Amino acid sequence: MSDEYDVIVLGGGPAGENAAQYAVRGSDRTAAIVEPELMGGECSYYACMPSKAMLRPIDTVATAHHLGGIAPLPEVEVEGVLKRRDQWVHNYDDSSQAKWAEDLGIKVVRGHGVVTGDREVRITGPDGETCTLRARLAVVDATGSEAVIPDEYATTMPWTSRDATGVRDIPGRLAIIGGGVVACEAAGWMSALGSTVTMLVRDPRLLGRTEEFAGELVADGLRDQGVEVRLGAQITGVRREKPAATGIGRVHGGPVTITVDGSEETFDEVLVAVGRRPHNNVELSGDDPDWLYRVGDASGEAPLTHWGKYRARIVGDEIAARAEGRAPATPPRDVPVPQVIFTDPQVAAVGMIASEARDAGIEIRVVDVPLSSAAGTALVRDDVIGQARLLIRSDDDTIIGATFAGHEVAELVHGATIAIVGKVPLDVLWHAVPSYPTASEIWLRLLEAARQT
């Protein structure tokens, strides 16, 4: 193994892979990716892919139960769902991901990397031995993030998101602490797999960073699935009989007793989903030097795979441009972050929410329409629910935020993303004709409502 490369990337997740690829493609530049676990990162094995692999059959079964003309009604087959999950994570084998990198000429280095000096990275290998690699051009920190486990829960060895996506033992009674994306999505699939799920949420509503109506619809949907959602819950104690490191997705020992709102309750397992913190694999003090880049969760920006990949492409292009003596492209200002929450119903949003816009002093018009107002969305389920919202900047009639909450709305958000990035005024969007009868026709309903406000 060489001890010098043009680019060294710490972390082999999607952001790190993209940064390395874009930094060296079409050139003779060299790159190494340093990865202590699995090439492909958290998203491929413990987050996005396994969770969505489990949720899709569960959602399909749920939809069938809300459509006339299907008999007999399907049921969730637990072993089949877990088998599908295992197929999507390649049984936690990263050989295909490593081969992808190697086929591009990117060296895969197994070990834990830390930036210790000027373009210098110390690697601690699986055997404990250390070596030093040096970068001629740049080092990219793409080491991701880890689940936050508050001290009061740590001794109980609670589940984290890795256990929930890698579930092997289905707890009879599962407590989920938290009300964000991970908590809400996990509540859906764990309930469908057979757990009796209780969500203990400190906040007054779910999904506090979304429009309020979205959190309310998700709470209603979870309750319809049999999940107990307790808002404003106050937890003052957690203890466990014989906690044990039994492995990812296994029940971690004996029953868990949680003191909530003054009463003790017992569960077979507890999932703590209260947030994530970026890893810090940089030992330098002061501001980052110009040769050091941070992308993905490690950057502190939106902890979303697609956002990390987008930022990594920009970073890779910038490294390449600097190496070739040309000016890097300048991305647009204020690029909006899209997100889809795969609950039942789904939430798809991009840009600002109304409270953020008002707090920023932006004068807006808020346009709301029910999803049932468009034939395409109404056809999705016989009892369709949901709402769509646009935030329109008053001074130029452009969209600065959009939220869709309802069944199968995930594919609606990209149109809003394009409109926001392109700053397309409503009088131009009016001529983007949606096909009938598709869910996209909700855009016509929104624009009609906007013309009346």
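## Strands, cavities and unusual backbone sites in a predicted model

Strand 20 (residues 386-393) and strand 21 (residues 398-406) run antiparallel and are joined by 8 bridges. The strands named here, like the helices, are DSSP runs numbered from the N terminus, where a helix is H or I over at least four residues and a strand is E over at least two. Two strands count as paired if DSSP finds at least two bridges between them. This is a predicted model, in which local features need pLDDT of at least 70 and side-chain atom pairs count only at pLDDT 80 or more, while totals for chains, interfaces and linings use all residues. Residues are numbered from 1 along each chain as its sequence is written, and side-chain values use heavy atoms, with hydrogens and water left out.

### Sheets and strand pairs

One of the bridges between strand 20 and strand 21 has Arg-393 as a partner of Thr-398, which lies in strand 21. These two strands belong to an open sheet of 5 strands in the order 17-18-21-20-19, with antiparallel pairing. Strand 17 (338-341) and strand 19 (364-370) stand at the edges with a single partner strand each, so one side of each has no neighbour in the sheet. On average, neighbouring strands of this sheet are turned by 10° against each other, direction ignored; such angles are taken between axes fitted as lines to C-alpha atoms, for helices over the stretch in contact, and run from 0 to 180 degrees between N-to-C directions.

Another open sheet has 3 strands in the order 11-12-13, and its pairing is antiparallel. Its edges are strand 11 (235-240) and strand 13, and because each has a single partner strand, one side of each is left without a neighbour in the sheet. For this sheet the average turn between neighbouring strands is 20°, direction ignored. Strand 11 pairs with strand 12 (residues 256-260) in the antiparallel sense over 5 bridges, and Gly-237 stands opposite Thr-259 of strand 12. Ser-263 lies in strand 13 (residues 263-267) and, at 40% relative accessibility, counts as partly exposed, a class that sits between buried (under 20% relative accessible area) and exposed (over 50%), computed with a 1.4 Å probe and protein chains only.

A parallel pairing is found between strand 8 and strand 9 (residues 196-201), which share 5 bridges, and in strand 9 the bridge partner of Ala-175 is Thr-198. Strand 8 (residues 173-177) is largely enclosed by the rest of the structure, because 4 of its 5 residues are buried.

### Cavities

A cavity is a set of points, on a 1 Å grid over the protein atoms alone, where a 1.4 Å probe fits but cannot get out, and its lining residues have an atom within 4 Å of a point. Grid points are joined across faces, edges and corners, and a volume is the space filled by probe spheres set on the points. By this rule there are 2 cavities of 30 Å³ or more.

| Cavity | Volume | Residues in the lining include |
|---|---|---|
| Largest | about 90 Å³ | Arg-56, Asp-59, Thr-63, Pro-345, Glu-408 |
| Second largest | about 30 Å³ | Leu-10, Gly-11, Val-34, His-112, Asn-281 |

The lining of the largest cavity has 1 nonpolar, 4 polar and 5 charged residues, and helix 3 (residues 48-64) gives the largest share of it, 3 residues. In the second largest cavity the lining divides into 3 nonpolar, 6 polar and no charged residues. In these classes Ala, Val, Leu, Ile, Met, Phe, Trp, Tyr, Cys and Pro are nonpolar, Asp, Glu, Lys and Arg are charged, and the others, Gly among them, are polar.

### Backbone sites and cysteines

Most residues other than glycine have a negative phi, and most peptide bonds are trans. The bond from Asp-344 to Pro-345 is cis, with omega near 10°, and Pro-345 lies in the loop between strand 17 and strand 18 (346-351). The bond from Ala-71 to Pro-72 is also cis, with omega near -5°. A positive phi, near 50°, is found at Lys-242, a residue in the loop between strand 11 and strand 12 that is exposed at a relative accessible area of 73%.

With a disulfide defined as a pair of cysteine sulfur atoms within 2.5 Å, the count comes to 0 disulfides. For Cys-184, the nearest cysteine sulfur is that of Cys-48, 16 Å away, and Cys-184 is buried, with a relative accessible area of 1%.

Methods
1 Å grid on protein atoms, 1.4 Å probe; cavity = no way out; pocket = protein on both sides within 12 Å on 5 of 7 lines; lining within 4 Å.
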